[in-house]
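Below are some notes on the pockets and the ligand site of this model, set out as numbered points. Please read them beside the structure.

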Amino acid sequence: MSRTFWADPPWRGGRGPFRLGLAPVTESEWLPLPASPLECARKLDLLTHRRDEVLARVPTHRGAVDSVAGFVSERLTARGWSSSTVDSDPLAAVALQVPDDLCVMVATAEGWVLAGACLCSPSFWRLADKIGRPLEQIHAPVKGLDAALGDRMARFLDGLPVDRVFQRANWNVHRDPERFHPVPEQWDRLLVPSDCPSLHIRSERQTLRRIDASCILFTIDVRQFPLAELAAETGARDDLEAALRGMTPDERASFGYARHGAALLEWLQTLPRD
Ligand code: HEM
């Protein structure tokens, strides 16, 4: 997995974080893996002890959310996957079968609204803050994102054909490999280059699939890779350096560049060159 990631990282070609970066994937690349027993147990624990934080739905969209869960369940059953873990909520029940988080978007007069979600690996956001909100409001804390991509995101979602699946990936740098991160990590000081080898790249593989005229399923799978592995990945390293240098002020703010950007650049310079 690591090798595949470094060969084609989301910053490949020195690209910054504010980009659609959508590419089509096949049916078997959509929710490609069953949840490991460990991941299933972790999700079950959250669903048992912190249910309101990881599972939410808008009551008026209950039918839509259940029908998306039914669609996913049928597809997983057709692959011969079964679950020994049960949950009374249909979306939670299918989310327990895969490592991914599942977010159901419904078309409304306000735009695409987050109608229901089972979110056990959030990267710095709380489900309660986003449930029932249209995408523009969901993205509102990310300064400059709507101006940069809002129209293109809306056009993509509106025009997404049924049964075509697209993926994209984001990325950031984390101190710990914890999957459940509803609030930003606390950094008590600016990073220095010697901190970098112990950091992780956190990258979400996201997919978008239209289920019917008014529903889209957004899936999120968090992958983490030790930054130290970059020492052996010259292409990924050079492209990361270019991406860090090329970030716009809004991209820098979203990435947290002020906290760790300069240290990362300095550390990248210390890695052996061919
Ligand atoms: C074409 C589709 C989309 C694109 C291109 C996109 C892009 C982005 C980007 C660039 C960010 C900034 C942080 C990062 O680099 O990840 C972001 C943040 C975020 N996105 Fe999206 N996104 C898309 C769809 C969605 C959907 C369908 C959801 C529904 C749940 C969503 C939820 C979020 C949330 C919760 C954040 C964090 C917001 C915060 O910091 O409060 N995105 N997105």
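1. Helix H1 (2-7), strand S1 (23-25), strand S5 (165-169) and S8 each give at least two residues to the lining of the second largest pocket. The model is a predicted one, and the points that follow should be read as computed from it.

2. The second largest pocket holds about 710 Å³ of space. It is lined by 25 residues, and those closest to its centre are Asp-8, Gln-167, Ala-169, Arg-205 and Arg-223. Sorted by class, this lining has twelve nonpolar, three polar and ten charged residues.

3. The largest pocket has a volume of about 1300 Å³. Its lining counts 47 residues, of which His-139, Val-142, Leu-145, Asn-170 and Glu-204 are the closest to the centre. Two or more lining residues come from each of strand S3 (101-108), helix H6 (127-130), H7, H8, strand S6 (172-174), strand S7 (200-212), strand S8 (215-226) and helix H10 (249-255). H8 supplies the largest share, five residues. By class, the lining of the largest pocket is made up of 28 nonpolar, eight polar and eleven charged residues.

4. S8 appears in both lists: it gives two or more residues to the lining of the largest pocket and at least two to that of the second largest.

5. Which pocket does the ligand take up? The ligand occupies the space of the largest pocket. Helix H7 (135-138) and helix H8 (145-159) are the elements that give two or more residues to the shell around the ligand. That shell has 14 nonpolar, three polar and three charged residues.

6. There are 20 residues around the ligand, and Trp-125, Lys-130, His-139, Pro-141 and Asn-170 come nearest. Two of the side-chain contacts involve ligand oxygen: a polar side-chain atom of Lys-130 lies 2.7 Å from an oxygen atom of the ligand, and an N or O atom in the side chain of Asn-170 is 2.9 Å from a ligand oxygen atom.

7. What is the protein donor of the iron atom of the ligand? His-139 is the only one, through NE2 at 2.0 Å. An N or O atom in the side chain of His-139 also lies 2.8 Å from a nitrogen atom of the ligand. The residue sits in the loop between H7 and H8. His-139 is thus listed both among the residues that come nearest to the ligand and among those closest to the centre of the largest pocket; Asn-170 is in both lists too.

Technical notes. Residues are numbered from 1 along each chain as its sequence is written. This is a predicted model: local features need pLDDT of at least 70, side-chain atom pairs count only at pLDDT 80 or more; totals for chains, interfaces and linings use all residues. Side-chain values use heavy atoms; hydrogens and water are left out. A residue is near a molecule or strand if one of its heavy atoms lies within 4 Å of it. A polar contact is a pair of N or O atoms within 3.5 Å; within protein, one must be able to donate a hydrogen and the other to accept it, and residues adjacent in sequence count only if both atoms are side-chain atoms. On a 1 Å grid over the protein atoms alone, a cavity is a set of points where a 1.4 Å probe fits but cannot get out, and a pocket is an open set with protein on both sides within 12 Å along at least five of seven lines; lining residues have an atom within 4 Å of a point. A molecule sits in a cavity or pocket if more than half of its atoms lie within 2 Å of its grid points. Helices (H or I, at least four residues) and strands (E, at least two) are DSSP runs, numbered from the N terminus. Ala, Val, Leu, Ile, Met, Phe, Trp, Tyr, Cys and Pro count as nonpolar, Asp, Glu, Lys and Arg as charged, and the others, Gly among them, as polar. Donors are N, O and S atoms within 2.8 Å of the metal (3.2 Å for Na, K and Ca); water is not among the atoms, so sites may look incomplete. Grid points are joined across faces, edges and corners, and a volume is the space filled by probe spheres set on the points.
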